[in-house]
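Here is a short note for a colleague who is meeting this structure for the first time. Please read the points beside the sequence and the 3D view.

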Amino acid sequence: MATFSRRETLLGGAGVLGALAGNALARSQSPISSGTHSPIPFGAAVRPALLGSDADYTRAILTYCNQIVAEGGFLFVDLHPQRKEFRFDEADRVSAFALANGLGLRGHTLVWYGVMPPWTEEISSAAEAERELERHIETVVSRYGSSIRSWNVVNEALRDDAKRGSDLRPLIWQRRLGADYIAIALRAARATDPSAELVLNEYDIEFVGDRFRGKRAAFCELVHTLLDQGVPLDAIGLQGHLKGDLDIDKEGLGAFVSEMRKAGLKILVTELDVVDNQLPADLRMRDVEVALRAKDFLAAIAAEAPLSALLAWGISDRFTWVPMYFKRSDGLPNRPLPLDAEYKPKPLMQIVDRVRYGV
Ligand code: G3I
């Protein structure tokens, strides 16, 4: 079998992949430069329990990342499990680790429908909802101000089938306050820490297809509505949970990014990984397809705007959320992240490096 050089292939050489994935190779010729010479901060989501206790994992984080975000630990349910109880132990550990090691820390997340504690269902009026939402945000943002300079204030506000900015997911804040909950959350975060970066974080913005075109339009409309109302908002977070079986709409994504930039917003990639359950079993081929999907995504963004941060949703295939929802039918482990399960860099890490350094 021909010797396979991932680097050559990714950089446009004609390795074994040329025969296996001609279209992918063609895609790899497109430029990826962000046009900037200062490296883009790179980081990964971390699992609090592993930090400091799993030596290989901790070494990988310290070797590759200059910022981190907690995969869990800062969620509403983690920090505020009962109305009168805040629990900071996990989040404090992550914050202390970041400070001790000179890493940036992103906050994930002040508002998310995904994980809410049962007590919030007792909130019965708009006034009570506003009070509790503001209290949560003031408490959390003020506590971590020294380490967290960028917050996902609202995560995944839009419905999967959103076409308009008003197509919001139901969650307790939305049910009691309507669309105003987003402005209330952003204003509370800004009032508590005026210099922190405030981000709206979304997924499924980047693919080809009507549903994704609709969600891009909805996101644009939501953002413009907020900005027109004078609501503080600094940046858009594109999660970047890419799919091996869904093409990137480079033109549509580029136009979206360009519109956000014109609106004065920065762009972050906050949760990059590539769901590989539909990709070939062959490891080398799979790894390259994963890398090329990320390259398409990142190149489309970089063509329109400098990325102000790039974070993967985990550092190593050993610890990833992907098999919770996207196990492979052949039983092989998923490989969505920049390092493999043995902490060896994969082609995706090369793509990350090229984007970071604009080469
Ligand atoms: O740690 C416990 C473990 O002790 C226990 O044995 C096990 C049994 O279920 O659960 C483990 O916790 C799980 C945790 O992931 C492990 O990291 C939780 O049940 C599970 O709910 C949790 O899922 C997280 C999910 O959000 C929901 O909070 C994933 O890790 C996390 O990657 C995922 O992240 C989301 C982002 O926040 C938003 N964007 C999408 C992304 C992927 O779904």
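**Notes on the ligand site and the chain**

1. A good place to begin is His-108, where a polar side-chain atom lies 2.8 Å from an oxygen atom of the ligand. Please keep in mind while reading that this is a predicted model.

2. Two further side chains approach nitrogen on the ligand: an N or O atom in the side chain of Glu-156 is 2.9 Å from a nitrogen atom of the ligand, and for the side chain of Gln-239 the corresponding distance from an N or O atom to a ligand nitrogen atom is 3.3 Å. As for how much of the ligand is covered, its exposed area when taken alone is 780 Å², and the protein buries 50% of that.

3. Turning to the surroundings as a whole, there are 14 residues around the ligand, and those that come nearest are Glu-71, His-108, Glu-156, Glu-271 and Trp-313. By residue class, this shell is made up of six nonpolar, four polar and four charged residues.

4. The fold itself can be described by its elements, since the chain has 14 helices and nine strands. Among contacts in the chain with a separation of 6 or more, 78% are accounted for by residues 24 or more positions apart.

5. Finally, on burial and surface, the chain has 359 residues, of which buried residues make up 57%. The accessible surface of the chain comes to about 14300 Å², and carbon and sulfur atoms hold 51% of that surface.

Methods
Residues numbered from 1 in each chain as written. Predicted model: local features only at pLDDT ≥ 70, side-chain atom pairs only at ≥ 80, totals over all residues. Heavy atoms only, no water. Near = heavy atom within 4 Å. Polar contact = N/O pair within 3.5 Å; in protein donor to acceptor, adjacent residues only side chain to side chain. Areas by Shrake-Rupley, 256 points an atom, 1.4 Å probe, with all protein chains shown as cover. Nonpolar A, V, L, I, M, F, W, Y, C, P; charged D, E, K, R; others polar. Helix = DSSP H or I, 4+ residues; strand = E, 2+ residues; numbered from the N terminus. Buried < 20%, exposed > 50% of the residue type's maximum accessible area, 1.4 Å probe, protein only. Contact = heavy atoms within 4.5 Å.
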